[in-house]
Each structure stands twice: as structure tokens, then as C-alpha cells.
Amino acid sequence: MKIGISCHHTYGGSGAIAAELGKALASRGHIVHFFSQAAPFRLGAYSKNIFCHEVEVMHYPLFECPFYSLALASKIAEVAYYEKLDVVHAHYAIPHAMSAMLARQMLEDKCAESRCFRIATTLHGTDITVVGADRGMQDVVRLAINKSDGVTAVSSYLRDETLRMFSPKKEITVIPNFVDTTIFSRSPDSSLRGILGLGSGKVVIHISNFRPVKCIGDIVQVFHAIASATDATMLFVGDGPERSGAETSVRELGIADRVRFLGKIDDIVPLLSLADLMLMPSNVESFGLAALEAMACGVPVIATDAGGFPEFIEHGVHGYLLQAGDIAAMTEQSLRLLTDEVRHKAFSEACVRQAERFETAQLVERYEDFYSGLIQD
Ligand code: GMT
């Protein structure tokens with residue numbers, strides 16, 4: 001098949017899933033064209049069958065907000081026509097599915113409907129739980145869903161939220177996030193411990209784009225309590241709006257020497273490979289890809305019972321699922337895992353086995369079947 005993938009290039013789960021999906025599809029012989037503002041962050045070096053189209057936005061003093069969606073639509077239309085794309089897979093209803101719709105309208109006169117590409121839209125969460133909650137955006141999100149040829153959501157939680165909030169006419173297929181366990185597997189690098197000045201204590205990790213939903217302040221509080229009871233170190237990976245506040249709190253609490261803010265790092269396997277525990281106390285999380293990737297590297301997770309976490313993290317088996325904001329319970333369970341070697345080993349092994357159930361190869365096949373269904377319709 002010839003597949004277009006329209007996604008955000010920035011640090012985050014949807015871009016990671018889109019890039020990993022494109023790479024896996026290309027390795028299975030499909031031709032993949034990416035559309036984004038810059039090459040998606042996980043794409044890496046040149047791969048056979050992959051083509052990237054960076055969308056250039058026109059800047060002009062009259063236009064306060066640049067027309068990214070329109071430029072994207074024009075780019076999709078151009079590439080879809082000349083490359084004869086079968087499917088354009090939009091990662092997010094807005095703007096990507098809307099731009100794909102517009103691109104198809106641009107091509108109406110040029111190609112018969114039967115030859116025009118199909119639109120597959122994957123909902124990742126923010127378009128429903130954040131953007132969709134904005135009354136001014138609801139109708140456009142609903143239109144994008146209803147006008148897609150097929151819609152997937154990354155968890156049953158997100159599908160149910162979408163049905164509840166939008167009552168869409170479309171059926172929504174759940175295809176969860178996935179992880180390539182040939183890449184995400186524990187491979188410790190002892191020199192990295194020294195480089196990060198970690199000593200011999202336990203390592204706690206958090207990876208995200210530091211948006212308010214990630215509850216970064218809760219992580220600081222939980223780690224403050226962990227640091228009082230153990231000689232653990234905390235690694236914060238990623239960047240975003242809540243980072244500088246967290247850095248201030250860490251300094252004020254006097255634990256700056258126990259915390260490393262590493263910024264955005266593409267290859268997180270070496271860091272996950274030296275971690276003993278991941279903290280993901282998000283109050284909204286449609287899936288939580290970073291937690292699955294941690295589990296593949298044998299890292300148990302303290303997460304919340306909110307959103308999609310319960311669909312792949314079993315409480316008391318792969319970590320603990322606690323109420324959002326319950327700092328005391330998160331601290332207690334973190335300490336249990338960090339101080340009980342036998343329990344930690346059992347959890348770590350269970351995490352690796354669980355991640356194998358979300359192996360990239362299996363879920364990419366589900367996307368292939370999904371595309372084939374759309375083409376045959
Ligand atoms: O979590 C983020 O803020 C990033 C966001 C994104 O768009 O990159 O992630 C969303 O999509 C991921 C891939 O499907 C999911 O694993 C994340 O749970 C989801 N984030 C939220 O729902 C907050």
C-alpha cells in the first residue's frame with residue numbers, strides 16, 4: 001500500500017507512535033510518506049520506503065496565526081495525487097484529519113472518488129480530552145471524526161470518552177499503543193551511571209512533555225518523600241511548560257543534588273535500562289506510551305487508575321494504580337518497590353512479559369487490516 005502519515009513531529013506519544021508505525025510499515029514493504037512540520041522525532045536515519053514532506057507555512061504580517069492546516073492540506077493533496085496514495089492516516093482529528101478532508105476536496109475534480117485516498121484517523125487523547133472539551137472546537141472535532149473513513153482510538157477509555165462526548169456516527173476501533181521489544185529491552189550501560197553521577201542508589205524516572213496533565217508537582221512531592229527515606233536519584237526526561245516550576249520546587253526542597261533534569265532525549269532505552277521505577281501520576285492519560293516502554297525495559301510503574309493505564313498495567317503486578325493526587329499512597333507503594341528486592345524482581349519480570357503483548361509487529365498488522373478494510377469499502 002501507499003500510505004501517508006500526518007502527525008506532530010514534537011516530543012510526545014502520538015509522534016512516537018506515528019513514526020514507529022511508519023517505520024514498521026516501510027519495513028514490511030509499504031511506501032510511507034510523512035507529513036509534518038519537521039521530521040518526526042523518532043524517525044532516525046534514512047530508511048528505505050520512507051519519504052518525509054515538511055510542510056512550509058507562509059508567514060506574512062497580516063496573518064497573526066500562520067495557516068498550518070491549509071498548507072498541510074495542499075501538501076497532502078499534491079503528494080497524494082502524484083504518488084497515488086491509498087490511505088492518509090491522520091494522527092489526531094484536528095488539525096490532521098481536517099487537513100486530509102480538505103486535501104481530498106481539492107482533488108475532487110482531478111480524480112474519481114474511487115481513486116481518491118481513504119482517511120484513517122487515530123485519536124490519541126488530547127483532541128478529545130482537552131481540545132474536544134473546548135466548546136468552540138467540539139463541532140470541528142465531530143466533523144473530522146464523522147468525515148474520516150475509519151477511526152481508531154488508542155484505548156477503550158478513549159473510545160468510550162469519544163462516544164460519550166461526541167456521539168459520532170462512526171464506529172471506533174481500539175488499536176492500543178505498541179512497543180518494539182527488540183529495541184526496548186533492558187541493556188544496562190554501567191558508564192552511564194557514572195556520567196549521570198548516580199552512585200549505587202535506586203533510580204526513579206519520569207518521561208513526558210511536562211504538560212499540566214502529567215502532574216509534575218506530584219512527582220516532585222513523591223520523590224521528596226522517597227529521597228528522605230532512601231539514597232535514590234530522580235531522572236526527569238523531556239521538557240515543557242511545567243519543567244521550570246519543578247526545578248524551582250526541587251531547589252526549594254533541598255533535593256537538587258538528587259534530581260537530574262535531562263531535557264528531551266530521543267533514545268531513552270539507555271536511561272530506562274538503569275531505572276528501577278517510573279512515576280506517571282497523570283490525571284488524564286489516554287494510554288501512556290512512556291509507561292509501556294518502561295515496562296518493556298523491566299521498569300515497574302506507579303501510575304493512576306485514570307484513563308488508559310488500567311488497560312495494560314495491572315495493580316499489584318506491574319506496578320500500582322492509585323488515585324490521581326494521592327501522594328501518600330504513591331510514596332508508600334514506591335518505597336515498597338524500591339526497598340523489597342524480591343517484589344521488585346517479580347514486578348520487573350511481569351512488566352517485560354506484559355509489554356510483549358503489545359509488540360509492534362502484532363499491532364502494525366492490525367493497522368494494515370484496518371487500512372485494507374477502508375480501501376475495500
Ligand atoms: O501525553 C502527551 O501529552 C503527548 C500526547 C501526544 O499527542 O503526543 O500523547 C498522547 O498520545 C499517546 C500516544 O497514543 C498516548 O500514549 C498518551 O497517553 C496521550 N496523552 C494523553 O492522553 C495525555
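This section describes the two sheets, the ligand surroundings, a buried helix and several backbone features of a predicted model.

The first sheet is open and is formed by seven strands, arranged in the order β3-β2-β1-β4-β5-β6-β7 with parallel pairing. Its edges are occupied by β3 (50-54) and β7 (172-174), each of which pairs on one side only, and neighbouring strands are turned against each other by 25 degrees on average when direction is ignored. Within this sheet, strand β5 (residues 118-123) runs parallel to strand β6 (residues 150-153) and is joined to it by four bridges; alanine 120 stands opposite glycine 150 of β6. Helix α1 (residues 13-27) lies across β1 (2-6), β2 (31-36), β3 and β4 (87-91), and its direction makes about 160 degrees with that of β2.

The second sheet, also described as open, comprises six strands in the order β10-β9-β8-β11-β12-β13, again with parallel pairing. Here the edge strands are β10 (259-263) and β13 (319-322), which each pair on one side only, while the twist from one strand to the next averages 20 degrees. The pairing of β8 with β11 is parallel and extends over two bridges, and isoleucine 205 stands opposite methionine 278 in β11. Helix α12 (residues 327-339) packs on this sheet, where α12 touches β8, β11, β12 and β13 and runs at about 175 degrees to β13.

The ligand is surrounded by 16 residues, the closest of which are Tyr92, His124, Arg211, Lys214 and Glu285. Polar contacts to ligand oxygen atoms involve both backbone and side-chain atoms: a polar side-chain atom of lysine 214 lies 2.6 Å from one ligand oxygen atom, a polar backbone atom of glycine 13 is found 2.9 Å from a ligand oxygen atom, and a polar backbone atom of serine 286 is likewise 2.9 Å from an oxygen atom of the ligand. Of the 480 Å² of accessible area that the ligand has on its own, the protein covers 94%.

Serine 286, one of the residues contacting the ligand through a polar backbone atom, is located in the loop between β11 (277-280) and α11 (289-296). Its relative accessibility is 10%, and serine 286 therefore counts as buried. The side chain of serine 286 reaches the backbone oxygen of histidine 124 at 2.4 Å. When residues up to four places away in sequence are not counted, serine 286 touches His124, Gly125, Val154, Ser155, Tyr157, Leu158 and Gly308.

The helix that follows this loop, α11, is largely enclosed by the rest of the structure, because eight of its eight residues are buried. The buried residues in question are Leu289, Ala290, Ala291, Leu292, Glu293, Ala294, Met295 and Ala296, and they pack against α1, β8 (203-207), α10 (269-272), β11, β12 (301-304) and α13 (341-356). After α11 comes glycine 298, which has a positive phi near 75 degrees.

A further residue considered in detail is lysine 147, which is placed in helix α5 (residues 135-147). With a relative accessibility of 47%, lysine 147 counts as partly exposed. Apart from its neighbours within four places in sequence, lysine 147 is in contact with Met101 and Arg104. The C-alpha atoms of lysine 147 and proline 168 are separated by 10.0 Å, the two residues being 21 residues apart along the chain.

Several backbone features may be set against the general expectation that most residues other than glycine have a negative phi and that most peptide bonds are trans. A cis peptide bond, with omega of about 5 degrees, joins isoleucine 94 and proline 95, and proline 95 is found in helix α3 (residues 93-106). Asparagine 49 has a positive phi near 75 degrees although this residue is not glycine; asparagine 49 is placed in the loop between β2 and β3 and, at 15% relative accessibility, counts as buried. Serine 167 also has a positive phi in a residue other than glycine, here near 40 degrees. The position of serine 167 is in the loop between α6 (156-166) and β7, and at 56% relative accessibility serine 167 counts as exposed.

Definitions and conventions. Residues are numbered from 1 along each chain as its sequence is written. This is a predicted model: local features need pLDDT of at least 70, side-chain atom pairs count only at pLDDT 80 or more; totals for chains, interfaces and linings use all residues. Side-chain values use heavy atoms; hydrogens and water are left out. Two strands pair if DSSP finds at least two bridges between them. Axes are lines fitted to C-alpha atoms, for helices over the stretch in contact, and angles run from 0 to 180 degrees between N-to-C directions. Contact means heavy atoms within 4.5 Å. Buried means under 20% relative accessible area, exposed over 50%, partly exposed in between (1.4 Å probe, protein chains only). A residue is near a molecule or strand if one of its heavy atoms lies within 4 Å of it. A polar contact is a pair of N or O atoms within 3.5 Å; within protein, one must be able to donate a hydrogen and the other to accept it, and residues adjacent in sequence count only if both atoms are side-chain atoms. Accessible areas come from the Shrake-Rupley method with a 1.4 Å probe; for residues, only the protein chains shown count as cover.
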